[in-house]
Amino acid sequence: MKYFVLILFTFIFLSSGLSQHKDSDQKNRFTLSGFIKDEKGEALIGANIYVESIQSGTVSNPYGFYSLTLPERIYLVRYSFLGYQSREIEINLHESVNLNVNLDSKSEVLDGVEIKAYDASKMLKQTEMSSFMLQTKKVKLIPTLLGESDIIKAIQLLPGVQATGEGLSGFNVRGGNHDQNLILLDEGSVYNASHLMGFFSIFNNDVIKDAKLYKGDLPAQYGGRLSSLLDIRIKDGNRNKFSGSGGIGTIASKLALEGPILNKKGSVIAAGRRSYADIFLPLSKNEEIKDNNLYFYDLNFKANVQINENNRVFLSSYIGRDVFKYQNQYYMTWGNVTETFRWNHLFSNRLFSNFSFIYSDYDYRLGQTADITGVEWKSSLADLGLKYDFIFYPNPNNTIRFGITSSLYNFKPGYIKATSDSSIFNNYEIPRSRALEHSIYLSNEQKIGRRLAIEYGLRYCVFQNIGQATIYNFNEKFEKVDSSTYRKGEIFNTYSGIEPRLRIRFSINPKSSIKGSFVSTRQYLHLISNSTAGTPIDIWLPSNPNIKPQSATQFAVGYFRNFPNKSFEISIEGYYKDMQNQIDYKDHADIILNPELEGELRFGIAWAYGLEILIQKKEGKLTGWIGYGLSKVDKKFPDVNLGKVFPANYDKRHDLSIVTNYRISSRLTASLNWIYISGAPVTFPTGRYMFGNVVIPVYSERNGYRMPDYHRLDLALNLKGKKTRDRKIVSEWNFSVYNAYNRKNAWMIYFKANEDNPNITEAYKLYMFPIIPAISYNFRF
């Protein structure tokens, strides 16, 4: 392994050196570098820096930093970012120049002049594919359930991404389970991204700066999941003046405040959001409703300070929780905490680094308070991590990234405790466990001529189980035979592996390109759930001697075409993904508070392949996208379904989404979503027999039937308040209708005997959401 990494290092630096020599033109070379921000001081991620005379450039990193090393000359440099007014600056590069650039965020129509901030060539130039960047100002226009803007609901409208269930925040990507998605909030892992049993996500749209989804084509600096990465970054805060925003909605209200600190050397943002159904429940005349309690809240905080030109520190925090109580008898609460400290340091104008200290925690509790059955169940997962990332810009043709990560996990799958002396329950606990995960990565994005670019890299991971721990041993029939005990601090099991990453881009002409990618990933954390959609009481388990790491390899190829004059982008991608050591369950598995849970699991393989088409229009009065996905996902487990191939629960063949926004005037915008998804596989009873006086159902093969197809239309109208120079508060109203034509989509199909003739079994459809109107009022100042 060490020789392989050494060879890769050598190849990368030789490549960068050769490129530098080739482009030097026997002249002195100097570096143009700096940060790109908006007028509030927010770093712009992925902004374009382009030099027309050499037909090359770069993009800003996640902190807005850029660097270009060029021969001595006068250059015209263009800075651009979608939704911002571009700037062209002439630079005499006779010495290294540090240039920080601010781009103005403007409305698309200003005094009758349309601002062209759209860079049609960006998608074609980058090696990256199978990814999508979401802007929060576009997300808030998308009609959603009860009018609550939601970044997760927006990504579910993309091809290759499907919701785990109607209205839920879980999602499947390219044939992967919902636990195979890595969700990061300012680099902190989010293990359950849902509020209100999954109907809303934990992300407050008002504080999100940037959200990017990678559908399997993960960069080398990321790992730990098989299917996707959702990387969400929080705003830094307005560095120039105090400002705020807020909203009052059908289900929740929110407020965000931001402003400069330390004489504008830094900034801070703080935001809160809370639902208020619990405020109105006591007003109900129904005694079974008025004594209940149901609400969620979340808090975001972020501060940053620029110590000097080369150093900047950040502190960000998220706390969120859901609470449900039923008549002071039953209760359930769950929530996330993430804390991130980051230090940006510039070693030089070509070497950028970021050090991160990260803490994440997810826990839940549920119980009942009655004396004889008084009990409480607790479960949690916490991780503490360090990351050190570097980006080196040797020349315009090479961008080298490398770094290390290390994390400590603490798993507490379940602890049950009697809450009264008269309780019939006994105290017991599913064995706790701890684990370490380390990784090192190296990659280079290299341009070879004007048509070809390659990004290649490696990620090497090590996962270690650490005591104190008790591991049950099972035979080939998954029966427990004995157990092994390990002392505190003892490393008793280790998994490791190399994860290669490769991207290739070939430009056919200035308007089109083809791309290909290969990625290998491993997953050491596994979600154990009795629901295909996920619930707050699911538990995470680490890989151990009984549970091998899941692994996947994905190949993808795509064609990309721009129509710059009409602001259209079209992409067509095909992929094939092979997955090993996949987890399923035996029939009638018992996974709730089972100390021998690993004996209920079954292991096999899965494979997915499909085609995705995305047509986007990013400018003009009419914007939005049309996405279509055609996919197939199959599994094969020796101990499930008699060893025969069966479709995964999330094998939904066709997925079509139409998302449109039409600007009627400078104040009024209309939005429409239409969604169609093929029915998901399901296992139904096909017969029955009598055993004594008990009716025993006979079921089909695993996932032998399908639910009815799903489709829905959502509408919204967004009305902005009048703008005046004297008006300090800008407001807008949002009116939305979810499921506008009242489609009764099946949430569940269940069976029961006919009341008049018990020998007849009838199927019943349960649906959740009829037409649901919503209204919200938003403001900023």
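# Exercises on buried charges, rings and loops

Lys37 sits in strand β1, which covers residues 29-38. The model used in these exercises is predicted.

## Exercise 1. A buried lysine

Find which side chain of opposite charge is nearest to Lys37, and decide what this says about a salt bridge.

Solution.
- Step 1. Locate the residue: Lys37 belongs to strand β1 (residues 29-38).
- Step 2. Look for the partner: the nearest side chain of opposite charge is Asp236, 7.0 Å away.
- Step 3. Apply the cut-off: a salt bridge needs a side-chain nitrogen of Lys or Arg within 4 Å of a carboxyl oxygen of Asp or Glu. Lys37 is therefore without a salt bridge, although buried.
- Step 4. List the surroundings: residues up to four places away in sequence aside, Lys37 touches Glu42, Ala43, Leu44, Val101, Asn102, Leu103, Arg239, Gln306 and Arg312.
- Step 5. Check the charged residues nearby: Asp236, Glu42 and Arg312 are members of one network of salt bridges that share partners. The other members are Asp186, Glu187, Lys209, Lys302, Arg342, Lys387 and Asp389.

## Exercise 2. Salt bridges across the sequence

Which parts of the chain are tied together by the pair Lys254 and Asp206, and which by the pair Arg321 and Asp363?

Solution.
- Step 1. Start with the total: the whole structure has 39 salt bridges.
- Step 2. Take one of them: Lys254 and Asp206 form a salt bridge, with 3.7 Å between the closest N and O atoms. Lys254 is in strand β21 (residues 252-261) and Asp206 in the loop between β17 (200-201) and β18 (208-214), so this bridge ties together parts 48 residues apart in sequence.
- Step 3. Check burial: both Lys254 and Asp206 are buried.
- Step 4. Take another: Arg321 and Asp363 meet in a salt bridge at 2.8 Å, N to O. This pair links distant parts of the chain, with Arg321 in strand β24 and Asp363 in strand β26 (residues 351-368), 42 residues apart.
- Step 5. Check burial again: Arg321 is buried, as is Asp363.

## Exercise 3. Assigning burial classes

Classify Glu376 and Lys378 as buried, partly exposed or exposed.

Solution.
- Step 1. Identify the pair: Glu376 and Lys378 form a salt bridge whose closest N and O atoms are 3.8 Å apart.
- Step 2. Recall the classes: buried means under 20% relative accessible area, exposed means over 50%, and partly exposed lies in between.
- Step 3. Glu376 has a relative accessibility of 11%, so Glu376 is buried.
- Step 4. Lys378 has a relative accessible area of 35%, so Lys378 is partly exposed.

## Exercise 4. Rings

What is the geometry of the ring pair Tyr777 and Phe779?

Solution.
- Step 1. The structure holds 35 aromatic pairs.
- Step 2. In the pair Tyr777 and Phe779, the ring centres are 6.1 Å apart and the planes stand at 35 degrees, so the pair is tilted.
- Step 3. Tyr777 is partly exposed because its relative accessibility is 25%.
- Step 4. Elsewhere, one aromatic cluster is formed by Phe35, Tyr63, Phe65, Phe314, Phe352 and Tyr393.

## Exercise 5. A nonpolar surface patch

Name the residues that form a nonpolar patch with Leu315, and give the accessible area of the patch.

Solution.
- Step 1. Leu315 is placed in strand β24, residues 311-326.
- Step 2. Leu315 counts as partly exposed because its relative accessibility is 42%.
- Step 3. The patch consists of Leu315 together with Phe301, Phe341, Phe357, Leu384, Leu386 and Leu408. Their accessible area together is about 560 Å².

## Exercise 6. Loops and backbone angles

Where do Gln135, Gln468, Asn641 and Asn742 lie, and what can be said of each?

Solution.
- Step 1. Gln135 lies in the loop between β11 (131-134) and α3 (136-139). Its relative accessible area is 16%, so Gln135 is buried. Neighbours within four places in sequence aside, Gln135 contacts Phe81 and Leu82.
- Step 2. Gln468 lies in the loop between β31 (452-466) and β32 (469-474). The peptide bond from Gly467 to Gln468 is cis, with omega near 15 degrees.
- Step 3. Asn641 lies in the loop between β41 (622-636) and β42 (646-647). Phi of Asn641 is positive, near 60 degrees, in a residue other than glycine. Asn641 is buried at 12% relative accessible area.
- Step 4. Asn742 lies in the loop between β50 (730-738) and β51 (746-753). Asn742 is not a glycine, yet has a positive phi of about 55 degrees. Asn742 is partly exposed at 29% relative accessible area.

Notes
Residues numbered from 1 in each chain as written. Predicted model: local features only at pLDDT ≥ 70, side-chain atom pairs only at ≥ 80, totals over all residues. Heavy atoms only, no water. Patch = residues over 30% accessible without salt bridge, like charges linked within 9 Å, V, L, I, M, F, W, Y side chains within 5 Å. Areas by Shrake-Rupley, 256 points an atom, 1.4 Å probe, with all protein chains shown as cover. Helix = DSSP H or I, 4+ residues; strand = E, 2+ residues; numbered from the N terminus. Buried < 20%, exposed > 50% of the residue type's maximum accessible area, 1.4 Å probe, protein only. Lys, Arg positive; Asp, Glu negative; His and termini not counted. Contact = heavy atoms within 4.5 Å. Phe/Tyr/Trp six-rings, centres within 6.5 Å; stacked < 30°, edge-to-face > 60°.
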